[in-house]
Structure formats: C-alpha cells, structure tokens
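Work through these exercises with the structure open beside you. Try each task before reading its solution.

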Amino acid sequence: DPGLGQAKLVVPKAGQLNPHPVSATNLQASVGGRRVLVKVSWYSGVEPCNVLDSVKVERNGTNIAITPIEGTGDANVACIELAVLKATIVDLGELAPGTYTITAPNSEAAPIEITVA
C-alpha cells in the first residue's frame, strides 16, 4: 500500500513489561518454494515505551492468524506522543502445498490468501 510509507523494521525483544496485542494495518506475504514469510505492519509509539515483545501465530488448518504483541521496556520513561509505522517479518516455515488464508485478528489489516505449490 503506497499510502503506508516506509515502515521501521523491528525484531521481537522478549520480556517487555505489560505485553498486549496491537492492531496490524497491513499484511504482505512472500512465498519461496514452500517457505512463507509474512510482513506485518502497524502504527505504534516510540521505544522504549512501545517495544515489540513477540508475535503470536495461531494455525487452524489452512487459516493462520498473526498478532503482534508489544510492551514497554521501561515504565519510568516519559515518551513523546508520536506515531511510528513499524513492521516485522514472521517466518511461517515450510508449509504443505495448498491455499492458506492469513489474517491479523481484531485489526484493520485485510486478510490475504496465498498458494503454496
């Protein structure tokens, strides 16, 4: 989506305080052979107030749900109110051939469908 701009690529840093799900704005998938990577984007605040803790991946048959989990790295820091577009890459590994639907529950990100040959 050209309207999203350039996202800051972040990696999960486990162990953040007060972890909670955040709402994704966009999903993009890349299929190489049977390996699937998904780029998840969302708007959030600056670090250390808003830090990606982990990404929850739930699979039910051919449906895959991805939820970014953020927390705070330091509860005693004052952070500016500034929205930052963030993204992370989720490696779904090797999937069996078939068609899969990838969603970000409770978010504005449109579901995407991929086919693994």
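**Exercise 1.** Is L9 buried or exposed? Then find the surface patch that L9 helps to make.

Solution. Keep in mind that this is a predicted model.
- Step 1. Locate L9: strand β1, residues 8-9.
- Step 2. Check its relative accessible area, which is 57%. The cut-off for exposed is over 50%. L9 is therefore exposed.
- Step 3. Look for its partners. L9, L37 and I89 make a nonpolar surface patch of about 260 Å².

**Exercise 2.** Is G93 buried or exposed? Then work out which residues G93 touches, leaving out those up to four places away in sequence.

Solution.
- Step 1. Go to strand β7, which spans residues 84-94 and holds G93.
- Step 2. Read the relative accessible area of G93: 17%. Buried means under 20%, so G93 is buried.
- Step 3. List the contacts. With residues up to four places away in sequence set aside, G93 touches R34, R35 and V36.
- Step 4. Take R35 from that list. The C-alpha atoms of G93 and R35 are separated by 5.1 Å, although their positions lie 58 residues apart along the chain.

**Exercise 3.** Which residue forms a salt bridge with D91? State which strands the pair links.

Solution.
- Step 1. Find the partner. D91 forms a salt bridge with R35, and the closest N and O atoms are 2.4 Å apart.
- Step 2. Place both ends. D91 is in strand β7 and R35 is in strand β4. The pair links distant parts of the chain, 56 residues apart.
- Step 3. Check exposure. D91 has a relative accessible area of 40%, so D91 is partly exposed. R35, at 38%, is also partly exposed.

**Exercise 4.** How many salt bridges does the count come to? Follow the one between E47 and K13.

Solution.
- Step 1. Take the total. The count comes to four salt bridges.
- Step 2. Turn to E47 and K13. Their closest N and O atoms are 3.2 Å apart. E47 lies in the loop between β4 (35-44) and β5, and K13 in the loop between β1 and β2 (17-21), so the salt bridge ties together parts that are 34 residues apart in sequence.
- Step 3. Compare each end with the cut-offs. E47 is partly exposed, at 32% relative accessible area. K13 is partly exposed too, at 39%.
- Step 4. Add another of the salt bridges. The side chains of E58 and K56 meet at 3.7 Å, N to O. E58 has a relative accessible area of 42% and is partly exposed. K56 is partly exposed at 43%.

**Exercise 5.** Which side chain of opposite charge is nearest to D53? Then describe what surrounds D53.

Solution.
- Step 1. Place D53 in strand β5, residues 51-60.
- Step 2. Look for a charge partner. The nearest side chain of opposite charge is K13, 11 Å away. A salt bridge needs atoms within 4 Å. D53 is buried yet has no salt bridge.
- Step 3. Look for polar atoms instead. The backbone nitrogen of Q16 lies 2.8 Å from a polar atom of the D53 side chain. The side chain of D53 also makes a polar contact with the side chain of S54, at 3.2 Å.
- Step 4. Fill in the neighbors. Not counting residues up to four places away in sequence, D53 touches P12, K13, A14, G15, Q16, I69 and E70.

**Exercise 6.** Which two residues does a cis peptide bond join? Which strand holds N18, a residue with positive phi?

Solution.
- Step 1. Recall the usual pattern. Most residues other than glycine have a negative phi, and most peptide bonds are trans.
- Step 2. Find the cis bond. It joins E47 and P48, with omega about 5°. P48 sits in the loop between β4 and β5.
- Step 3. Turn to N18. Its phi is near 50°, a positive value in a residue other than glycine. N18 is found in strand β2. N18 is exposed, with a relative accessible area of 59%.
- Step 4. Add N106. Its phi is positive, about 55°, although N106 is not a glycine. N106 is in the loop between β8 (98-103) and β9 (112-116). At 78% relative accessibility, N106 counts as exposed.

Methods: Residues numbered from 1 in each chain as written. Predicted model: local features only at pLDDT ≥ 70, side-chain atom pairs only at ≥ 80, totals over all residues. Heavy atoms only, no water. Helix = DSSP H or I, 4+ residues; strand = E, 2+ residues; numbered from the N terminus. Buried < 20%, exposed > 50% of the residue type's maximum accessible area, 1.4 Å probe, protein only. Lys, Arg positive; Asp, Glu negative; His and termini not counted. Polar contact = N/O pair within 3.5 Å; in protein donor to acceptor, adjacent residues only side chain to side chain. Contact = heavy atoms within 4.5 Å. Patch = residues over 30% accessible without salt bridge, like charges linked within 9 Å, V, L, I, M, F, W, Y side chains within 5 Å. Areas by Shrake-Rupley, 256 points an atom, 1.4 Å probe, with all protein chains shown as cover.
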